[in-house]
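Got the viewer open? Let's walk through this one together, stop by stop, with something to select at each.

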Amino acid sequence: MDYSVIFAALWVICATVVALLPMRLQFPPGIVLLICAPVLIVWLGVAHGWLIGALAFAGFVSMFRNPIRYYWRKWSGREVEQ
């Protein structure tokens, strides 16, 4: 099995474990996972083709849809709901 697939699977397991943590403990490991995700997505795309990379990107956006939506509203100048 390719290393990119192994590391992507480990990333998914780590993300699941972080999601099970209490909300106050999720932030530091969540930032690390958020930073590692684009590197893994590009690595998967280069190793296995653009379709696999696009599917990995769709999964990433699906997992982080609420933080992405929050920061998009914050950076675009729209009101952020509290």
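## The whole chain

Before zooming in, keep one number in mind: of the contacts in the protein with a separation of 6 or more, 49% join residues 24 or more positions apart. You are looking at a predicted model.

Show it as a cartoon and you'll find 4 helices and 0 strands. Reading from the N terminus, the order of elements is α-α-α-α. Along the principal axes, the C-alpha atoms fill a box of roughly 45 × 30 × 15 Å. Now colour by accessibility: buried residues come to 20% of the 82 in the protein.

## Stop one: α1 against α2

Select residues 3–20 for α1 and 23–48 for α2. How do these two helices, α1 and α2, run relative to each other? Their packing angle is about 155°, and their axes are 10 Å apart. Angles over 145 degrees count as roughly antiparallel, so that is the label for α1 and α2. The crossing of α1 past α2 is left-handed.

Next, put sticks on the contact. From the α1 side, pick Tyr 3, Ser 4, Val 5, Phe 7, Ala 8, Trp 11, Cys 14, Ala 15, Val 18 and Ala 19. Across from them in α2 you get Gln 26, Pro 29, Gly 30, Leu 33, Cys 36, Ala 37, Leu 40, Trp 43, Leu 44, Ala 47 and His 48. Colour that contact by class and it splits into 17 nonpolar, 4 polar and no charged residues.

## Stop two: α2 against α3

Keep α2 on screen and add α3, residues 50–63. Here the axes are 6 Å apart and the angle is about 160°. With anything over 145 degrees counted as roughly antiparallel, α2 and α3 therefore get that description too. The crossing of α2 past α3 is right-handed.

For the sticks, α2 brings Leu 34, Ala 37, Ile 41, Leu 44, Gly 45 and His 48. The α3 side answers with Trp 50, Ile 52, Gly 53, Ala 56, Phe 57 and Phe 60. By class, this contact of α2 with α3 has 9 nonpolar residues, 3 polar ones and no charged ones.

## Stop three: the core

Which residues make up the largest nonpolar core? Select Trp 11, Ala 15, Val 18, Leu 33, Ala 37, Leu 40, Ile 41, Phe 60 and Phe 64, 9 residues in all, and show them as spheres. Both α1 and α2 supply at least two residues of this core. The largest share, 4 residues, belongs to α2. As background, nonpolar side chains in soluble globular proteins tend to be buried together.

Stay on Phe 64 for a moment. Hide its neighbours within four places in sequence, and what remains in contact with Phe 64 is Trp 11 and Leu 34.

## Stop four: His 48

Go to His 48, which sits in helix α2. Is His 48 buried or exposed? Somewhere in between: at 38% relative accessibility, His 48 counts as partly exposed. Leaving out its neighbours within four places in sequence, His 48 contacts Asp 2, Ser 4 and Val 5. Try the distance tool on His 48 and Leu 34: they are 14 residues apart in sequence, with 21 Å between their C-alpha atoms.

## Stop five: three quick picks

A few single residues to click through before you close the session.

- **Pro 38.** This one lies in helix α2. Its relative accessible area is 42%, which makes Pro 38 partly exposed. Draw a line to Trp 50, 12 residues away in sequence, and the C-alpha to C-alpha distance reads 14 Å.
- **Ala 58.** Look for it in helix α3. Ala 58 is partly exposed, with a relative accessible area of 45%. Its C-alpha is 18 Å from that of Ala 19, and the pair are 39 residues apart along the chain.
- **Gly 59.** This glycine is also found in helix α3. Gly 59 counts as partly exposed at 31% relative accessibility. Between Gly 59 and Ile 41, 18 residues apart along the chain, the C-alpha separation is 9.9 Å.

Terms used:
Residues are numbered from 1 along each chain as its sequence is written. This is a predicted model: local features need pLDDT of at least 70, side-chain atom pairs count only at pLDDT 80 or more; totals for chains, interfaces and linings use all residues. Side-chain values use heavy atoms; hydrogens and water are left out. A nonpolar core is a set of buried Ala, Val, Leu, Ile, Met, Phe, Trp, Tyr and Cys residues joined through side-chain atoms within 4.5 Å. Buried means under 20% relative accessible area, exposed over 50%, partly exposed in between (1.4 Å probe, protein chains only). Contact means heavy atoms within 4.5 Å. Axes are lines fitted to C-alpha atoms, for helices over the stretch in contact, and angles run from 0 to 180 degrees between N-to-C directions. Angles under 35 degrees count as roughly parallel, over 145 as roughly antiparallel, 65 to 115 as roughly perpendicular and the rest as oblique. A crossing is left-handed if the near helix is turned anticlockwise from the far one by less than a right angle, and right-handed if clockwise. Ala, Val, Leu, Ile, Met, Phe, Trp, Tyr, Cys and Pro count as nonpolar, Asp, Glu, Lys and Arg as charged, and the others, Gly among them, as polar.
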